[in-house]
Amino acid sequence: MSTPTSIDTDQKYIEITLGDERYAFDVSYTEEIVERETITRMPNTPDCVKGLIDLRGRVTTVLDPTDVLDIDNEGTDTKLIIIFDTEQFNDQQGNIGWIVDDVQRVSEINSEHAIDPPEQQTWMDAVVSDPDSADDEYTIIISPELVVSRVEEAIEESQVGQTPK
């Protein structure tokens with residue numbers, strides 16, 4: 001099995017839970033993890049934009065990646081927000097956070113168990129199986145930049161046809 005080129009074996013990944021699935025991304029994208037607080041909803045935004053929080057005087061846009069990635073998280077109690085280090089994003093302005101169900105751990109990903117994702121899933125970098133799991137569990141390696149760009153596309157699409165006031 002060849003190793004996907006997107007897996008860096010010297011890199012640490014933060015593993016999170018969204019719905020019933022495990023995801024991971026390069027930990028260098030993470031600035032901090034905070035408990036979920038009151039989110040102020042923004043009008044005329046797609047469902048994936050949950051709203052804004054004031055994090056010690058910094059306005060942070062809170063996104064729900066499950067809406068963008070079409071992940072079923074019905075009935076889950078999301079208690080955490082991962083705040084991203086926006087310097088890791090090429091074009092991002094402003095602070096961004098993701099609502100997640102849980103943060104599992106920070107670990108190295110064993111590239112020996114990684115395979116390329118399906119071609120239609122452009123936001124996935126790789127799929128990694130857990131050889132120690134009796135249930136054939138796997139972790140999906142994702143790119144936060146690609147997920148955020150899908151949110152930006154959803155915002156642009158939601159604004160099409162709206163007239164400025």
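This briefing describes the fold, the surface and a few individual residues of one protein chain. The structure is a predicted model, and its chain of 165 residues has 44% of them counted as buried. Two helices and eleven strands make up the secondary structure of the chain, and the points below move from that overall layout to the surface and then to single residues.

**Overall layout**

- Read along the sequence, the elements follow the pattern β-β-β-β-β-α-β-β-β-β-β-β-α, in which the two helices and eleven strands of the chain can be picked out in order.
- When contacts with a separation of 6 or more are considered, 57% of those in the chain are accounted for by residues 24 or more positions apart.

**Surface**

- The chain exposes about 9,600 Å², and carbon and sulfur atoms supply 41% of that exposed area.
- Asp-20, Asp-70, Asp-72 and Glu-74 form a negative patch on the surface.
- One member of this patch, Asp-70, is found in the loop between α1, which covers residues 65-68, and β6, which covers residues 80-84.
- Asp-70 counts as exposed because its relative accessible area is 71%, and the cut-off for that term is over 50%.

**Backbone angles in two loops**

- Most residues other than glycine have a negative phi, and the two residues below can be read against that background.
- Asn-44 has a phi near 60°, which is a positive value in a residue other than glycine.
- The place of Asn-44 is in the loop between β3 (30-35) and β4 (49-55), and with a relative accessible area of 58% this residue is exposed.
- Asp-70, already met as part of the negative patch, has a phi near 55°, again a positive value in a residue other than glycine.
- The place of Asp-70 is in the loop between α1 and β6, where the residue is exposed at 71% relative accessibility.

**Asp-26 and its surroundings**

- Asp-26 is found in strand β2, which runs over residues 21-26.
- Once its neighbours within four places in sequence are left aside, Asp-26 is in contact with Gln-11, Lys-12 and Tyr-13.
- Asp-26 and Glu-15 are eleven residues apart along the chain, and their C-alpha atoms are separated by 9.1 Å.

Note on methods: Residues numbered from 1 in each chain as written. Predicted model: local features only at pLDDT ≥ 70, side-chain atom pairs only at ≥ 80, totals over all residues. Heavy atoms only, no water. Helix = DSSP H or I, 4+ residues; strand = E, 2+ residues; numbered from the N terminus. Buried < 20%, exposed > 50% of the residue type's maximum accessible area, 1.4 Å probe, protein only. Contact = heavy atoms within 4.5 Å. Areas by Shrake-Rupley, 256 points an atom, 1.4 Å probe, with all protein chains shown as cover. Patch = residues over 30% accessible without salt bridge, like charges linked within 9 Å, V, L, I, M, F, W, Y side chains within 5 Å. Salt bridge = Lys/Arg side-chain N within 4 Å of Asp/Glu carboxyl O. Lys, Arg positive; Asp, Glu negative; His and termini not counted. Charge placed at Lys NZ, Arg CZ, Asp CG, Glu CD.
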